[in-house]
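Let's take a stroll through this protein chain, one neighbourhood at a time. Keep the 3D view open as you read.

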Amino acid sequence: MKEVNPRETTRAYAFEMWMQAPMPMVTFFRTLDVSRLVRIARKRGLKFNMLMCWCIGRAASGIKEFYLLPVGGKLMQYDSIAVNTIVADRRGEVSSCDVPFSTDLRQFNDDYLRLTRQVAQTCENHDLPESMVIGTSALAQYEIDGAVGMYSGVFNNPFMIWGKYRRRFFRTTLAVSFQFHHTQMDGAHAARFLDALQREIDALAV
């Protein structure tokens, strides 16, 4: 992670326009077809949430804006991406777990299982401050149509929320929300990311 001069990046105008805005976050909503993820999760004995997080990492890793993030009034550039997941811990509360993204699904799955188990047992967050972290929150037991994340002014990370997937005839769909800081990316980048996410889901090998 290193500080970069916004004027020397493609985000120069966005940094000037949105860095000091009182509400710089934008939220997109999208319904994804996750039929393939559900089938693969069942067939291979994998967690649906883990597969979602991996596809999110895959889609984000191909978009350069995800490697930049406004932090403390500065624009920071990262070499790596991580995907955060919320873990129910042994106290009955929730803790936060950053999982380093790997293009190798087996490696990502191993890290996901190991780290979420560790966080659940220790009740201590696992943070990766040297990576650009994409936050996620899965409310898998509840049917929701969308959610707008809270902007605290402290964390500017992109964030995804989803609830329970829905079965309709031969398709299984999932409504997701994606919140991002306008300094980090524009609407076109966010839309391209959501398109890429659907492609990654569709292309996941059985």
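Is H126 buried or exposed? In this predicted model, H126 has a relative accessibility of 17%, and since buried means under 20%, H126 counts as buried. You'll find H126 in the loop between α4 and β7, so don't assume that a loop residue must stick out: this one counts as buried because its relative accessibility is just 17%. Which residues does H126 touch, once you leave aside the neighbours within four places in sequence? They are S96, C97, D98, L115, Q118 and V119. For a sense of scale, try finding Q107: H126 and Q107 are 19 residues apart in sequence, and their C-alpha atoms are 17 Å apart in space.

Now slide along to S137, which sits in strand β7, residues 132-138. S137 has a relative accessibility of 16%, so S137 counts as buried too. Setting aside residues up to four places away in sequence, S137 is in contact with I86, F159, M160, I161 and W162.

Next up are the helices. Two packed helices are described by the angle between their axes and the distance between the axes. Here is how that works out for three pairs.

| Helix pair | Angle between axes | Axis distance |
|---|---|---|
| α2 and α3 | about 130° | 9 Å |
| α3 and α4 | roughly 125° | within 10 Å |
| α3 and α5 | roughly 125° | within 8 Å |

Let's begin with α2, which covers residues 35-44. Which residues of α2 are buried? The answer is S35, L37, V38, I40 and A41. An α-helix has 3.6 residues a turn, so residues three or four places apart point the same way. Keep that in mind when you look at the buried positions of α2: L37, V38, I40 and A41 are among them. The elements covering the buried residues of α2 include β2 (25-33), α3, β10 (171-181) and α5 (187-203). Right after α2 comes G45, which has a positive phi near 70°.

How does α2 sit against α3? The two helices pack at an angle of about 130°. That makes α2 oblique to α3, and the crossing is right-handed. On the α2 side, L37, V38, I40 and A41 do the touching, and they meet F48, L51, M52 and C55 in α3. The residues of this contact come out as eight nonpolar, no polar and no charged.

Helix α3 (residues 48-61) also packs against α4 (residues 105-122). With their axes crossing at roughly 125°, α3 and α4 are therefore oblique to each other. This crossing is right-handed as well. Helix α3 brings N49, M50, L51, C53 and W54 to the contact, while α4 brings L105, F108, N109 and Y112. Sorted by type, the residues are seven nonpolar, two polar and no charged.

The third partner of α3 in the table is α5. Their axes cross at roughly 125°, and α3 and α5 are therefore oblique to each other. Again the crossing is right-handed. The contact uses M52, C55, I56, R58, A59 and A60 from α3 and F193, A196, L197, E200 and I201 from α5. How many of these residues are nonpolar, polar and charged? The split is nine nonpolar, no polar and two charged.

Finally, let's look at a sheet. Three strands, in the order β1-β4-β3, form an open sheet with antiparallel pairing. Why is one side of β1 and of β3 left without a neighbour in the sheet? Strands β1 (2-4) and β3 (68-71) stand at the edges and have a single partner strand each, so there is no neighbour on one side of either strand. On average, neighbouring strands of this sheet are turned by 45° against each other, ignoring direction.

Zoom in on β3 and strand β4 (residues 74-77), which pair in the antiparallel sense over four bridges. One bridge to spot joins L68 to its partner Q77 in β4. Together β3 and β4 make a hairpin with two residues between them. In that turn sits G72, which has a positive phi of about 55°.

Note on methods:
Residues numbered from 1 in each chain as written. Predicted model: local features only at pLDDT ≥ 70, side-chain atom pairs only at ≥ 80, totals over all residues. Heavy atoms only, no water. Buried < 20%, exposed > 50% of the residue type's maximum accessible area, 1.4 Å probe, protein only. Contact = heavy atoms within 4.5 Å. Axes fitted to C-alpha atoms, helices over the stretch in contact; angles between N-to-C directions. Parallel < 35°, antiparallel > 145°, perpendicular 65-115°, else oblique. Left-handed = near helix turned anticlockwise from the far one by under 90°. Nonpolar A, V, L, I, M, F, W, Y, C, P; charged D, E, K, R; others polar. Pairing = 2+ DSSP bridges.
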